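Please open the model in a viewer and keep the sequence panel visible beside it. The tour below proceeds by selection, one stop after another.

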Amino acid sequence: MRRDVETTLRAVLADPEAAALWDSGRTESALTPPSGFAATAESPAREAPRAPSAPARRRDEPAERRAERQRRLDRAREAARETEERLHDRRTEHEDAGASLERARERHREAGRRVSALEEQLREAQREFERAERERQEAGAREGAASEALERAGREAREAVREAERAAKDAR
């Protein structure tokens with residue numbers, strides 16, 4: 001276990017990608033340092049012989065690695081900032097959508113209440129219509145009976161007038 005921790009720490013110090021992975025907190029096993037890095041703490045790495053023509057370049061390699069790690073860190077921080085902004089935007093959109101949903105639900109409930117009230121008014125209007133229809137039919141039947149009675153009375157009156165005229169003619 002201790003050896004895995006040491007190996008991982010060496011890898012983090014030597015490799016910017018390993019450092020980024022370790023920094024994310026998502027390592028699942030020991031990381032391996034790049035070749036040429038000291039294998040254990042007990043046996044430190046020996047300095048490789050330097051070529052006389054490239055001493056400045058070798059001194060700049062650690063600085064270049066640090067600069068590259070810093071650039072990666074800066075990019076990672078910028079990506080994290082942008083991700084946080086997108087998360088904030090999505091939360092705002094979610095809140096807006098939730099508020100919109102609640103307004104739509106309230107409009108739906110109100111429309112349902114209006115529909116129920118109008119349905120009750122319609123049922124009452126239908127009952128009134130049916131009552132008026134029955135009254136119309138009854139009045140029509142009474143009017144028909146009255147028309148027949150009127151015609152009968154007219155016939156009887158005309159017959160009585162004729163009968164009276166006959167009786168008057170006979171009496172002369």
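Select Arg-109 to begin this tour of a predicted model. Arg-109 has a relative accessible area of 36%, so it is classed as partly exposed, the range for that class running from 20% to 50%. Add Glu-102 to the selection and display both side chains: they meet in a salt bridge, with 3.2 Å from N to O. Glu-102 is likewise partly exposed, at 39% relative accessibility.

**Stop two: Glu-85 and Arg-81**

Next, select Glu-85 together with Arg-81. Their side chains form a salt bridge with an N to O distance of 2.1 Å. Where do Glu-85 and Arg-81 lie? Both belong to helix 3, where 4 residues, about one turn of the helix, separate them. Colour the pair by accessibility and the values are 41% for Glu-85, which counts as partly exposed, and 37% for Arg-81, which is also partly exposed.

**Stop three: Arg-127 and its surroundings**

Move the selection to Arg-127 and Glu-124. These residues are joined by a salt bridge in which the closest N and O atoms are 2.7 Å apart. Both residues are part of helix 3, and the spacing between them is 3 residues, about one turn of the helix. Arg-127 is partly exposed at 35% relative accessibility, and Glu-124 is partly exposed at 35%.

Which residues are linked with this pair in a network of salt bridges? Extend the selection to Glu-120, Arg-123, Glu-128 and Arg-131, which together with Glu-124 and Arg-127 make up the network. Across the protein, the count of salt bridges comes to 18.

**Stop four: Thr-8**

Turn now to helix 1, which spans residues 2–14, and select Thr-8 within it. Is Thr-8 buried or exposed? Its relative accessible area is 10%, so Thr-8 is buried, the cut-off for that class being under 20%. Then select Ser-29 and draw a distance between the two C-alpha atoms: Thr-8 and Ser-29 are 21 residues apart along the chain, and their C-alpha atoms are separated by 8.6 Å.

**Stop five: the second largest pocket**

Rolling a probe the size of a water molecule over the atoms shows where empty space is left. For the second largest pocket, select Ala-19, Ala-20, Asp-23, Arg-69 and Leu-73, the residues that lie nearest its centre. The full lining of this pocket comprises 11 residues, and the space within the pocket is about 250 Å³.

Which helices each supply at least two residues of this lining? They are helix 2, covering residues 16–24, and helix 3, covering residues 55–171. Helix 3 gives the most to the lining, with 6 residues. Colour the lining by residue class to find 6 nonpolar, 1 polar and 4 charged residues.

**Last stop: the whole protein**

Clear the selection and show the complete chain as a cartoon. The protein contains 3 helices and 0 strands, and the pattern read along the sequence is α-α-α. Switch to a surface display: the protein exposes about 14800 Å², and carbon and sulfur atoms supply 53% of that area. Of the 172 residues in the protein, 9% are buried, and Thr-8 from the fourth stop is a buried residue. Finally, display the contacts with a separation of 6 or more; residues 24 or more positions apart account for 33% of these.

Key. Residues are numbered from 1 along each chain as its sequence is written. This is a predicted model: local features need pLDDT of at least 70, side-chain atom pairs count only at pLDDT 80 or more; totals for chains, interfaces and linings use all residues. Side-chain values use heavy atoms; hydrogens and water are left out. Buried means under 20% relative accessible area, exposed over 50%, partly exposed in between (1.4 Å probe, protein chains only). Contact means heavy atoms within 4.5 Å. Accessible areas come from the Shrake-Rupley method with a 1.4 Å probe; for residues, only the protein chains shown count as cover. On a 1 Å grid over the protein atoms alone, a cavity is a set of points where a 1.4 Å probe fits but cannot get out, and a pocket is an open set with protein on both sides within 12 Å along at least five of seven lines; lining residues have an atom within 4 Å of a point. Grid points are joined across faces, edges and corners, and a volume is the space filled by probe spheres set on the points. Ala, Val, Leu, Ile, Met, Phe, Trp, Tyr, Cys and Pro count as nonpolar, Asp, Glu, Lys and Arg as charged, and the others, Gly among them, as polar. A salt bridge is a side-chain nitrogen of Lys or Arg within 4 Å of a carboxyl oxygen of Asp or Glu.
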